[in-house]
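Student: I am new to this structure and should be grateful for a close look at one part of it. Please begin with a single residue and its surroundings, and then lead me on to other places that reward the same attention.

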Amino acid sequence: MSKDNEILEEFTSKEYEHGWSVNYEADEAPIGLNEDIIRWISAKKEEPQWMLDWRLKAYRHWETMEEPTWPNVRYPKIDYQSLRYYSAPKQKKKPSNINEVDPELLKIYDRLGISLNEQKRLQGIAVDAVLDSVSVGTIFKDTLSKLGVIFCSFSEAVKEHPELVKKYLGSVVPATDNYFAALNSAVFSDGSFCYIPKGVRCPMELSTYFRINAANTGQFERTLIIAEDQSYVSYLEGCTAPQRDENQLHAAVVEIYAAEKAEVKYSTVQNWYPGDKNGKGGIYNFVTKRGICAGNHSKISWTQVETGSAVTWKYPSCILKGDHSIGEFYSVAVTNNYQQADTGTKMIHIGKNTRSRIVSKGISAGHSQNSYRGQVQVMKRATNSRNFSQCDSLLMGDKCGAHTFPYIDIHNSTAKVEHEATTSKIGEDQIFYCNQRGIDSEDAVALIVNGYAKEVLNQLPMEFAVEAQKLLALTLEGSVG
Amino acid sequence: MLSIKNLHASIEGTPILKGISLEIKPGEVHAIMGPNGSGKSTLASVLAGREEYEVTEGEVSFKGKDLLELSPEDRAREGVFLAFQYPVEIPGVSSTNFLRTAVNQVREYRGQEPLDAVKFLTLMKEKMKLVEIDQKLLSRALNEGFSGGEKKKNEIFQMAVLEPSLSILDETDSGLDIDALKVVANGVNQLKTKENATIVVTHYQRLLDYIVPDFVHVLYNGRIVKSGAKELALELEEKGYDWIKEEVSGTAV
Ligand SMILES: Nc1ncnc2c1ncn2[C@@H]1O[C@H](COP(=O)(O)OP(=O)(O)OP(=O)(O)O)[C@@H](O)[C@H]1O
Ligand SMILES: [Mg+2]
């Protein structure tokens, strides 16, 4: 083995930082999945009948579906009957605002570096904290509501804003869309809801922080973002989970609706527990994220930094229905050890003069497998639509793999679609060059990797970008000595 | 400052350096010349700590420390600087960011406080003048798409910022136009003090008109086969290397 690989190997073996868990009294559904469990969840959440009916319909459909096998990932068959579908920390009384939340629960977020104290919070970020199956609290709610912005947990939205939820739930990702979306639709427990009224530029970043704590429990949250005409919102999502030997399932759904001239920026820094060095444990992250640019001149931009999870299956997509609408996808996906990621995007051009841009940067280290899968579809009516895709892969060492699966499907001859792809390796000479200037190998790799991912990191809001840079370095730490 | 004794080094089992000895004192400039493939870059790489080269015999001490014991980054932090013959490109990393990381790691090693952004930029500005390098170049990704000459200039700029005690310039003159050559040489001269030393590897006497060496050594087939004053460079320019090769084979073992 060359020195190069030795160095990289050492560098890629850093422990996961958020692997701890806490004990709290939990309200749990019995293990297994059937209609009664769904009724149990719905009752627990005191949901109206229409919500229960929607869930049951999704469940019945899910039962007829097969788990997809086309992604380029391998994992043992999931026994859906052995999982628990609801677990929530027991709170003595329903908190009406963040100050009434059990301080023990808030401590979990403090330990993660996420302060839920409005006074202590950096200005400009409102957080909804989701622990296992429920939202434990949302901050800056009052400030936002003065502008007419609704930012609350999904459960609350079902109760307080049923007309909005009814109208948009499943409108972008139908309950029958795919296996994991159907499962989520049947059993989803909580998540975030966000509504930006016409003409409002949301003055702060909205953020949801997902934390899985309970063992043997799946996490199924849903996020719904509705941006009315000429509104703007930037939304952030972060996530971590304890270190456990068994795999845990996370199957989320995110739906975004952008009306005329609305703009939604959705950023994710995904840091679920990736499993240990030998590939034991870790989260299965099977997520459906989709946005629709329904109005003319609307824009949806996905930015993701994927560092965690044992297996990732995720394709944040844009349906460009409005004329002149724009879809963007910026992604950095890092895999290390035995992680597997099959991720990418779908850009569906329906309206005229629609534009999409895809920038995907894969980084593979250790024995990991990293696949980009992207689809660009141009429909008949979409004259003058444009797509540009750039898919780069960076390899660290020689035991990992990088794969690119672009699908292009064009039904309008005026469309212009460009695809560029590169594969490179972190060179020993690059590391040595840094060393020779006094930079140690670990920082050298961090510099090189951050340089490589720069175009994507630049899309993230400032505070997140710094976080993401550190995370990239941390994920790859130990692969260079 | 630098003392090389009977240094032997090989790569993948092939011996390249076959017994090099060299003494360099503070304030001195040594030129190393020699035909292609004679081992000049290898010597530079071994001194800088490139790990593919295996040192099979000999010792190197630098400011009283065993240089061969130190990691490449520690050698740099101790003050060894190599201006590469072929500087590498690091996409997406700006020169500014790269150098700031370097400067602060060196400072940390020396127990100094890191430079804040303002102080660092002041330092950059000052050194930019010295080597007449364009600010635009430095905001671009490190060496990415730089012309050959721009890369070389950037090496000297980095040297100016890092203020090493021993600089090894490996064919920094090749690829530079006449004006750039003067600028670079001028920069090197301005950075010269009584405390630091320079090794200039070159094929051309021309550079030595600007950076005047105290000693000239001829490296041939992994050995220093001739040393002399700066006139030796002129003689080489005139006569080429054949006479040296003959001399060597005459006395060869
Ligand atoms: N991996 C290798 N295996 C075998 N020989 C090698 C290897 N790498 C370098 N060499 C040889 O080592 C010798 C010395 O190379 P070096 O680069 O030090 O020469 P140089 O004096 O700097 O030449 P130039 O003037 O062309 O820059 C050359 O003959 C080169 O081919
Ligand atoms: Mg050379």
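**A close look at one residue**

Tutor: Apart from neighbours up to four places away in sequence, the residues that S385(A) contacts are H349(A), T354(A), R355(A), V378(A), T414(A), A415(A) and K416(A). The model is a predicted one, and what follows should be read in that light. S385(A) itself sits in the loop that joins β20 (369-378) to β21 (386-395) of chain A. Is S385(A) buried or exposed? Its relative accessibility is 1%, and because buried means under 20%, S385(A) counts as buried. One of its contact partners, V378(A), belongs to the strand β20, which spans 369-378. The side chain of S385(A) also has a polar partner: one of its polar atoms lies 2.9 Å from the backbone oxygen of A382(A).

The chain around this residue can be described in a few figures. Chain A contains twelve helices and 23 strands. Of its 481 residues, 63% are buried, and S385(A) is one of the buried residues. Among the contacts in chain A with a separation of 6 or more, 84% join residues that are 24 or more positions apart. The area that chain A exposes is about 18,000 Å², with 48% of it supplied by carbon and sulfur atoms.

A helix of chain A shows how burial can be arranged along an element. In α2, which covers residues 35-44 of chain A, the buried residues are I37(A), I38(A), I41(A) and S42(A). They share one side of α2(A), because the arc they cover around the axis is only 135°. An α-helix has 3.6 residues a turn, so residues three or four places apart point the same way. What do the buried residues of α2(A) pack against? Their partners are two helices of chain A, α3 (49-63) and α8 (179-187). On the face turned away from this buried side, α2(A) carries D36(A) and A43(A), which are exposed. The N-terminal end of α2(A) is capped by N34(A), which places a side-chain oxygen 2.9 Å from the backbone nitrogen of D36(A). Thus D36(A) takes part in the cap and is also exposed. After α2(A) comes E46(A), with a positive phi near 50°.

Chain B offers a second place to study, at ligand 1 and the magnesium ion. The magnesium ion, ligand 2, has as its protein donors OG of S41(B) and OE1 of Q85(B), at 2.0 to 2.2 Å. S41(B) belongs to helix α1 (residues 40-48) and Q85(B) to the loop between β6 (80-83) and β7 (90-94), so the two donors tie together parts of chain B that lie 44 residues apart in sequence. S41(B) has a relative accessible area of 26% and is partly exposed, whereas Q85(B), at 16%, is buried.

Q85(B) also approaches ligand 1: an N or O atom of its side chain is 3.2 Å from an oxygen atom of that ligand. On its own, ligand 1 has 650 Å² of accessible area, of which the protein covers 64%. Two elements of chain B, β2 (14-24) and α1, each give two or more residues to the shell around ligand 1. The largest share, three residues, is that of α1(B). In total, 15 residues surround ligand 1, and the closest are G37(B), K40(B), S41(B), T42(B) and H203(B). G37(B) uses its backbone, where an N or O atom is 2.9 Å from an oxygen atom of ligand 1. T42(B) uses its side chain, in which an N or O atom lies 2.5 Å from an oxygen atom of ligand 1.

K40(B), one of those closest residues, is part of helix α1 of chain B. Its relative accessibility is 6%, and K40(B) therefore counts as buried. Which backbone oxygens does the side chain of K40(B) meet? A polar atom of that side chain lies 2.9 Å from the backbone oxygen of G34(B), and the side chain also reaches the backbone oxygen of P35(B) at 3.1 Å. Leaving out residues up to four places away in sequence, the residues that K40(B) touches include E171(B), V201(B), H203(B) and L219(B). H203(B) thus touches K40(B) and is also among the residues closest to ligand 1.

Definitions and conventions: Residues are numbered from 1 along each chain as its sequence is written. Chains are lettered from A and ligands numbered from 1 in the order in which they are written. This is a predicted model: local features need pLDDT of at least 70, side-chain atom pairs count only at pLDDT 80 or more; totals for chains, interfaces and linings use all residues. Side-chain values use heavy atoms; hydrogens and water are left out. Buried means under 20% relative accessible area, exposed over 50%, partly exposed in between (1.4 Å probe, protein chains only). Helices (H or I, at least four residues) and strands (E, at least two) are DSSP runs, numbered from the N terminus. The arc is that of the directions from the helix axis to the C-beta atoms. Contact means heavy atoms within 4.5 Å. A polar contact is a pair of N or O atoms within 3.5 Å; within protein, one must be able to donate a hydrogen and the other to accept it, and residues adjacent in sequence count only if both atoms are side-chain atoms. Donors are N, O and S atoms within 2.8 Å of the metal (3.2 Å for Na, K and Ca); water is not among the atoms, so sites may look incomplete. A residue is near a molecule or strand if one of its heavy atoms lies within 4 Å of it. Accessible areas come from the Shrake-Rupley method with a 1.4 Å probe; for residues, only the protein chains shown count as cover.
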